[in-house]
Amino acid sequence: QVRLVESGGDSVQAGGSLRLSCAASGITASSYCMGWFRQAPGKGREGVAAIQSDGSSTYYADSVKGRFTISRDNAKNTIDLQMNSLKPEDTAMYYCAAGTWDYCGMPWNRLSRFRYWGQGTQVTVSS
């Protein structure tokens with residue numbers, strides 16, 4: 001059974017930092033493109049960042065470029081999202097996702113490219 005379990009969500013002040021982590025089981029995360037998505041209340045799910053199976057390429061939403069960093073530790077089967085300079089508009093439920101293939105492809109943030117999803121972790125940023 002495939003499981004993706006997110007952790008690290010919290011409530012922080014604007015300008016603060018958080019590090020989200022996604023622990024994968026039932027799959028070898030190093031074999032897949034992995035991504036982070038988010039969904040704010042009343043809005044659709046949007047791609048935040050993705051990373052190629054071998055870590056050679058990373059992709060970011062324009063809104064988080066320069067502030068967020070996605071990384072993977074294939075030995076631990078984990079995917080992390082370091083979030084700095086957080087803004088109130090970053091408030092959302094954050095989801096980890098495993099892609100269908102080893103490459104992310106374009107557009108990398110197409111939801112249908114991701115086969116497995118976690119339950120999410122809440123990030124709240126107050127001004």
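A disulfide here is a pair of cysteine sulfur atoms within 2.5 Å. The views below come from a predicted model, and by that rule it has two disulfides.

**View 1. The Cys22–Cys96 disulfide joins strands S3 and S9.** The two sulfur atoms sit 2.1 Å apart. Torsion about this S-S bond is about -75 degrees, so we call the disulfide left-handed. Since Cys22 belongs to strand S3 and Cys96 to strand S9, the bond ties together parts that are 74 residues apart in sequence. Cys22 is buried, at 0% relative accessible area, and Cys96 is buried too, with 0% relative accessibility.

**View 2. The Cys33–Cys104 disulfide links two loops.** Here the sulfur atoms are 2.2 Å apart. The S-S torsion comes out at about 100 degrees, so this one is right-handed. Cys33 is in the loop between S3 and S4, while Cys104 is in the loop between S9 and strand S10 (114-117), 71 residues away. With 2% relative accessibility, Cys33 counts as buried; Cys104, also at 2%, is buried as well. Counting bonded cysteines along the chain, the pairing pattern is 1-3, 2-4.

**View 3. The largest nonpolar core has 29 residues.** Trp36, Leu81, Met83 and Tyr94 are the members that touch the most others. At least two core residues come from each of strands S3 (18-25), S4 (34-39), S5 (46-51), S7 (68-73), S8 (78-83), S9 (92-99) and S11 (121-126).

**View 4. A second core stands separate from the largest one.** This one has eight residues, among them Tyr59, Ala97, Trp108 and Phe114.

Technical notes:
Residues are numbered from 1 along each chain as its sequence is written. This is a predicted model: local features need pLDDT of at least 70, side-chain atom pairs count only at pLDDT 80 or more; totals for chains, interfaces and linings use all residues. Side-chain values use heavy atoms; hydrogens and water are left out. A nonpolar core is a set of buried Ala, Val, Leu, Ile, Met, Phe, Trp, Tyr and Cys residues joined through side-chain atoms within 4.5 Å. Buried means under 20% relative accessible area, exposed over 50%, partly exposed in between (1.4 Å probe, protein chains only). Helices (H or I, at least four residues) and strands (E, at least two) are DSSP runs, numbered from the N terminus.
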